[in-house]
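Here are my notes on this one, as promised. Have a look at the model first, then go through the points in order.

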Amino acid sequence: MAFTLYSLLQAALLVINAIAVLHEERFLRHVGWGSDQGIGGFGEEPGIKAQLTNLIRSIRTVMRVPLIAVNSVTIVLLLLFG
């Protein structure tokens, strides 16, 4: 399999899909990454853990509808061109 731009985009799509299906109560809370974790004070910079949980939460919120369309296009392309 050659390393092409399409395979790179497909790998990125798979990673975003994996992030989008993470469930907070079933998975993230058990590893200590729940929404109640990492609450800092006013004026403090959030840590890397809080930034990653915010990134996961925003991907799940914002990318839900676009992922349906992008996954559909990817499936159609794979069916047409193999």
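1. Let's begin with the core side of helix 3. Its buried residues are Ala50, Thr53, Ile56, Ile59 and Arg60. The cover over them includes helix 1 (5–20), helix 2 (24–28) and helix 4. Keep in mind that this is a predicted model.

2. Arg60 is the one I'd click on. This arginine sits in helix 3, which covers residues 48–62. Is Arg60 buried or exposed? With a relative accessible area of 17%, Arg60 counts as buried, because the cut-off is under 20%.

3. What does Arg60 touch, leaving aside its neighbours within four places in sequence? Its contacts are Ile19, Ala20, Leu22, Glu24 and Leu28.

4. Next, the pairing of helix 3 with helix 4. The axes of helix 3 and helix 4 (residues 64–81) come within 4 Å and cross at roughly 65°. On the helix 3 side, the contact is made by Ile59, Arg60, Thr61 and Val62, and helix 4 brings in Arg64, Val65 and Pro66. Sorted by class, that contact has four nonpolar residues, one polar and two charged. Arg60 therefore turns up twice in this note: as a buried residue with a relative accessible area of 17%, and as part of the contact with helix 4.

5. On helix geometry, there is little to argue with. Helix 3 has 15 residues and spans 21 Å from its first C-alpha to its last, close to the expected 21 Å at 1.5 Å a residue. Helix 4, with 18 residues, reaches 26 Å, again close to the 26 Å expected at that rise. Right after helix 4 comes Gly82, with a positive phi near 80°.

6. Now the annotation. UniProt, in an unreviewed entry, places a "transmembrane region" at residues 62–81. In the model, that stretch is 95% helix and 0% strand, and its end C-alpha atoms lie 30 Å apart.

7. Finally, the whole chain. How many helices and strands does the protein chain have? There are four helices and zero strands, giving the pattern α-α-α-α along the sequence. Buried residues account for 17% of the 82 residues. The accessible surface comes to about 6,500 Å², and 70% of that belongs to carbon and sulfur atoms. Of the contacts between residues at least 6 apart in sequence, 64% join residues at least 24 apart.

How values were computed
Residues are numbered from 1 along each chain as its sequence is written. This is a predicted model: local features need pLDDT of at least 70, side-chain atom pairs count only at pLDDT 80 or more; totals for chains, interfaces and linings use all residues. Side-chain values use heavy atoms; hydrogens and water are left out. Helices (H or I, at least four residues) and strands (E, at least two) are DSSP runs, numbered from the N terminus. Buried means under 20% relative accessible area, exposed over 50%, partly exposed in between (1.4 Å probe, protein chains only). Contact means heavy atoms within 4.5 Å. Accessible areas come from the Shrake-Rupley method with a 1.4 Å probe; for residues, only the protein chains shown count as cover. Axes are lines fitted to C-alpha atoms, for helices over the stretch in contact, and angles run from 0 to 180 degrees between N-to-C directions. Ala, Val, Leu, Ile, Met, Phe, Trp, Tyr, Cys and Pro count as nonpolar, Asp, Glu, Lys and Arg as charged, and the others, Gly among them, as polar. UniProt positions are given in the numbering used here, feature names are shortened, and annotations may be inferred rather than shown by experiment. The expected span of a helix is 1.5 Å times one less than its number of residues.
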